[in-house]
Amino acid sequence: MLARSAQGLYWMGRYLERADHLCRLLRLQTEALVDRPIADIYAGWNRIYASLNRQPPGAGLELLPDGQSTDGAGVLQVMGVPGTAAWQQSGGDDYTLADSFTLADDLTFERSNPDSVWSCFAQGRENARQMRHCISAEMWTSLNLAYLRIQQVSIRDIWNASPESFYATVSADVDTFMGVAAATMYRDEGWRFMRLGRFVERSQLAASLFLAQLELFPTDADASPLDGSESDWIILLRLYHAMAAYNRAYSVAVAPNQVLDLLVTDPLLPDSLCSSVDAAAAELSAIVPGPDRESDDAARRLAGRLSALVHYEWPDAKDHAELLHRVNGYCRQLHNLVTATYFDYHSANLPA
Amino acid sequence: MSDRFQNYSLDSAIYDEMFLPDGQPRDGWQRLQRELTDFSDEELANIQERVTRSFSNEGITFTVYGDDEAEERIIPIDCIPRLLSAAEWDTLAAGLEQRLRALNLFLQDVYGEARLIADGVIPPEVVYECPHYRPEMRGFTPPQGTWVAVCGTDVVRTNDGFRVLEDNLRVPSGVSYMIANRKAAKTSLRRLYRDSRVQEVEHYGRLLREALVELAPSGGANPRIALLTPGVYNSAFYEHMFLAREIDAELVEGRDLLVRDGFVYMRTTGGLERIDVIYRRVDDDFLDPSVFRSDSVLGIPGLIDAYRRGNVALANAPGTGVADDKSVYAYVPDMVRYYLNADPLLQNVETYLCRRPDELEYTLDNLDKLVVKRVGESGGYGMLVGPHASADERAEYAEQVRANPNDFISQPTLALSRSPCLIDGRFEPRHVDLRPFILHGRETRIVPGAFCRVALRRGSLVVNSSQGGGGKDVWVLED
């Protein structure tokens, strides 16, 4: 297929996956606002920002000194109240604190944040608009309707109603789109590239999130995790729909290392890291070799190494953070190789 | 007339598509009138809502360029169809086919022997001074002798019958709206549509593909077709995407194509693949920087060479703009007589060429009655609608005309026909035109229908979508 079309579908897959991932994170985070201790909430925002490798707006996050309780000023700060100043001056210090309302807005609707839900969804939809002739009419209609819905709301609207149900709806919209795609899209290269983008993105997002988790909550015995450590790991299980699988595989007590093992290596979990890297490798192997044979070979070898890393090195690895760093780097390399092989190759020396 | 038609004004100077001057519906419109009267207010509002929503849900948009940003807009569609009888259509179609035949012969002639000029039918300067005349195409014969494969002719109706306002022979657009309007009308006026026995238009894509296949150089039955678009920022991008899908073409931009050894290739995920036919929706200027505009980054260097060698077909051929030039237009009826030895079935609008001293004088003396157009412009830009302009505007425009008379033509302000539209729950007449699409590969094909443009603002004569115009479906009824 036309190289530029393939690239558009690849990016559509990436952007929609990113939008979905962020929505799932934000859904759990906004749920936590209602009933979790403020330290959890603070940790949750930190996890999201760290996994996106993004700085929170303004001077950053700070745990309020009186924020350990779930009443009084701390709660107000955490919930964020639309209509009051989004930024609050903190006791005469020269930095300002962001409240949850502001953070959610930054991650959801901020147009200048290229990783906000809005930006990712709009980019995914723009790729679809440009490649409409390569996807089914049903796919376009489902995506465009979802886009029009998101266009109509602001952070104020969702905050006054129920932010978590907004995020659930957007996630469901992406799921619906992928379901419609599975039901209606011709299984040509466009399908392959869309899925390749999706799984490369998913692998990279998972690795980044697990890394952020390990930095915030080290699992080694000496380091004492923050308060409420169990819930910090339960949230990861919920994010990956893995609660039941975990209970079945282990016990009801949640041990950080076992959570990571499950999320990385369980082949039955649809979005475990190993499922994602295997799916990316499978899509790549289903695509006919690209014109740049050198980078094509390198891409296929790399996809194999990525699988091996997750399947065979992980169980014995001493330093999981280091391994996740490598996964992350491999994903970036794989993206570059796919781009060089299929999209941006030099045509000067190619046979006609 | 029902309540909804109570304020429907008829004007004997303006042809009404639905009503005779005495207020009775014309033949064929009775059923529509009955149904429209029977609908409750709510039903009618729902019908209009469904039509509008189908465009928004489908994302059928055009792009409007403001000062600094482009905006995706939805063209306003009126839900009341315009009807044409089979007899009306057949007459019109025969005239359109005849006209396109003459125009293709004219193009072959002006880039060849130029007999028409030698015989004094058209002055040489009208042809050779036209900015769209491409000397690079001299001596060339395109596949099947087809210069214009896709033509979108603007037709208006007055009390004197149909008149051609403009032949669009370069990259005419709007056919996707014809089809989208039809889909919307079918889903919103289901029973009326079924009962009315309307001729189909949705096979346009198949006919377009057939025409393009006939132009393929290899002569094979399954040539590789690409639709060349300026890109996603072009106002007609939706249509390009839509047609690419309909005709099973790759939707390419200039950067996706390259020429090697006189053949055109497309960059695919598997390497380079040869292209046989290019349905191009970019202007001549941006086709090939080595031939036309060297500053263009959009084009494909070597494309025209490949074309001239017969290794790729282009539809439409470069250089067709000379035949839809506003001055050349005045000579089309003469072309029909000259090449086909027949009387034109479709008439022109009376046109005064300001390059002729007496017609310049007439134009300047009658600016308040005329529409004056700039020869090189399209899309309703750069023109003066005399009766609607202020004295200052007319004086200012007259200066421009006097300075460069060759750049202007004038025509009487036409009483464009009007057709009923749903405006705030009532029916009101609005001016309309008609753009049917004529295809020509080896033979001519026309789908019985058109994109009907509507000047939705009361009293306005400007139907261009960039300037407040909308659209409606056209139903050509079975006999």
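**Reading strands in chain B**

Guide: Opposite Ile225(B), in strand β11(B), stands Val277(B), a pairing that we read here from a predicted model.

Visitor: How should I read such a pairing, and in which sense do β6(B) and β11(B) pair?

Guide: In general, the strands of a sheet pair through backbone hydrogen bonds, in either the parallel or the antiparallel sense. Here β6(B), residues 225-228, and β11(B), residues 277-280, pair in the parallel sense, over 4 bridges.

Visitor: How many bridges join β6(B) to β7(B)?

Guide: There are 3 bridges between β6(B) and β7(B), residues 250-252, and these strands run parallel; within this pair, Leu227(B) stands opposite Leu251(B). Together with helix α9(B), residues 237-246, β6(B) and β7(B) make a β-α-β unit, which is right-handed.

Visitor: Are the residues on the two faces of β6(B) buried or exposed?

Guide: Taking buried as under 20% relative accessible area, we find both faces covered, since Ile225(B) and Leu227(B) on one side are buried, as are Ala226(B) and Leu228(B) on the other.

Visitor: Which strands stand at the edges of the open sheet that contains β4(B) and β20(B)?

Guide: That sheet has 5 strands, in the order β13-β5-β4-β20-β21 of chain B, with mixed pairing. At its edges stand β13(B) (347-348) and β21(B) (444-446), each with a single partner strand, so one side of each is left without a neighbour in the sheet.

Visitor: In which sense do β4(B) and β20(B) pair?

Guide: Strand β4(B), residues 150-158, pairs with β20(B), residues 437-440, in the antiparallel sense over 3 bridges, and there Cys151(B) stands opposite Ile438(B).

Technical notes: Residues numbered from 1 in each chain as written. Chains lettered and ligands numbered in written order. Predicted model: local features only at pLDDT ≥ 70, side-chain atom pairs only at ≥ 80, totals over all residues. Heavy atoms only, no water. Buried < 20%, exposed > 50% of the residue type's maximum accessible area, 1.4 Å probe, protein only. Pairing = 2+ DSSP bridges. Right-handed = clockwise from strand over helix to strand, strands pointing away.
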